[in-house]
Amino acid sequence: MIDTAAITHNLERVRTFAPRAKVMAVIKADGYGHSMTLAANALSSADEFAVTGLDDVRKLRAHGVQKPITMLSSRFDVSDLNGMSANAVRPVIYDHEQLDLLFDVDDAAALDIWLKIDTGMGRLGLTLDDAHSLTNRLLRQRGINSISAMTHLANADNPQHPNNQTQIDQFLTFASSYSFRELSILNSAGTLAYAEHAQQYVRPGVMLYGVSPQHGVTAERLGLKAAMTFKSELISVKRLPAGSPIGYGGAYTLDTGSRIGVIACGYADGYPRHAPSGTLVLVNDVFVPIIGRVSMDLMTVDLGEMRAAVGDEVILWGSQNPIEEVAKSAGTIAYELLCSITERVERVVI
Ligand SMILES: *Cc1c(COP(=O)(O)O)cnc(C)c1O
């Protein structure tokens with residue numbers, strides 16, 4: 001179930017954390033698994049959208065979205081570049097291969113671009129040296145209307161990490177030497193921890209969907225509402241005696257006789273196979289542990305003596321059963337779980 005009002009609410013929360021910055025709402029990866037077009041509708045008051053590449057842009061334009069769109073991480077060719085400004089698309093330039101194309105764009109292209117600077121993420125972005133040697137030339141380049149600059153923090157989810165401030169300082173020192181149109185540094189976690197460096201644009205993603213970007217801080221405490229509730233139901237309930245092995249490999253054995261429930265959900269739906277016995281799901285408002293291995297279509301819970309019957313709803317994650325907890329238990333991050341829900345799971349939009 002996708003609660004679009006929660007996404008809209010979370011954008012308002014972002015604005016309270018960074019009240020003077022524009023918001024580039026990140027809706028890549030199909031809106032973090034919530035449906036990109038649904039997210040775009042819910043985020044209609046964002047200042048700009050950010051997606052991965054041209055496929056996403058085309059989908060959004062076909063959906064009627066007119067807002068500017070930044071393309072975070074994709075290759076393109078000169079013919080793509082020439083049409084971008086007319087289409088209100090801002091490419092992120094992160095590599096020499098793309099820079100070379102910029103020198104070949106039409107005089108009239110009037111491109112608005114972002115330069116991505118690698119200040120310590122070690123992934124996409126021009127090194128500071130390269131950026132210094134190229135920026136003046138780009139600023140004089142015909143066919144380029146404006147240049148903005150962004151960087152990305154590698155440790156924003158850990159505000160204590162000293163590299164955050166180092167990255168911010170290096171980026172701001174670099175940027176102060178040039179006349180960039182806009183600057184942007186902060187993703188969700190960064191927006192919470194370093195709002196004073198919000199600059200012209202913040203780039204929240206995960207927090208828009210109601211997930212806390214910081215370790216040890218709940219979404220509820222941040223005033224965020226979970227947009228996704230992942231639900232299933234019990235398709236079998238039965239009593240088994242002490243010593244019964246549960247599921248493939250008998251990886252779990254009942255200590256005492258108990259009632260077990262079988263849930264119509266497995267890793268083929270997007271529930272993490274690595275979630276160990278003890279990971280909690282909600283059945284009739286009671287937390288119960290999963291037991292045994294998660295299989296393709298099914299998983300098993302220990303219901304104990306609680307009231308439960310075939311057909312009862314199971315909440316695998318959602319506002320009452322935070323996805324952050326499920327992710328922690330399964331040794332992953334909420335981002336991955338959000339993106340893992342598969343096609344066959346019915347989307348109900350409220
Ligand atoms: C995905 C992404 C974001 C959003 O990150 P969250 O942690 O989801 O807020 C921001 N900036 C860039 C460059 C990204 O790729």
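Mentor: A polar contact is a pair of N or O atoms within 3.5 Å. The model here is predicted.

Trainee: What distance separates an oxygen atom of the ligand from a polar backbone atom of Gly 205?

Mentor: The limit for a polar contact is 3.5 Å. Gly 205 takes part through its backbone, and the ligand offers an oxygen atom. The distance between these atoms is 2.8 Å.

Trainee: How much of the ligand's accessible area does the protein cover?

Mentor: On its own, the ligand has 390 Å² of accessible area. The share of this area covered by the protein is 93%.

Trainee: Which residue has a polar side-chain atom 2.5 Å from an oxygen atom of the ligand?

Mentor: The side chain of Asn 187 has an N or O atom 3.5 Å from an oxygen atom of the ligand, so it sits at the 3.5 Å limit of a polar contact and does not fit the distance asked for. The side chain with a polar atom at 2.5 Å belongs to Ser 188.

Trainee: How many charged residues are in the shell around the ligand?

Mentor: The ligand is surrounded by 13 residues, and the closest include Lys 28, Tyr 32 and Val 206. By class, 6 residues of the shell are nonpolar and 4 are polar. The number of charged residues is 3.

Trainee: How far apart are the C-alpha centres of domain 1 and domain 2?

Mentor: The domain assignment places domain 1 at 4–209 and domain 2 at 230–339. The distance between their C-alpha centres is 39 Å.

Trainee: What is the average twist from one strand of the barrel to the next?

Mentor: The closed barrel has 6 strands in the order β9-β12-β15-β14-β13-β16, and their pairing is antiparallel. From each strand to the next, the twist averages 45°.

Trainee: Which residue in the hairpin of β13 and β14 takes a positive phi?

Mentor: Strand β13 covers residues 280–283 and β14 covers residues 286–291, with 4 bridges joining them. Between the strands the hairpin has 2 residues. The one with a positive phi, near 50°, is Asn 284.

Trainee: Which residue in β15 is the bridge partner of Val 262?

Mentor: Strand β12 (residues 258–263) is joined to β15 (residues 299–304) by 5 bridges. Strand β15 is also joined to β14, by 2 bridges, and Ile 291 stands opposite Thr 300. The bridge partner of Val 262 in β15 is Thr 300.

Terms used
Residues numbered from 1 in each chain as written. Predicted model: local features only at pLDDT ≥ 70, side-chain atom pairs only at ≥ 80, totals over all residues. Heavy atoms only, no water. Near = heavy atom within 4 Å. Polar contact = N/O pair within 3.5 Å; in protein donor to acceptor, adjacent residues only side chain to side chain. Areas by Shrake-Rupley, 256 points an atom, 1.4 Å probe, with all protein chains shown as cover. Nonpolar A, V, L, I, M, F, W, Y, C, P; charged D, E, K, R; others polar. Pairing = 2+ DSSP bridges. Axes fitted to C-alpha atoms, helices over the stretch in contact; angles between N-to-C directions. Domains from an automatic or database assignment.
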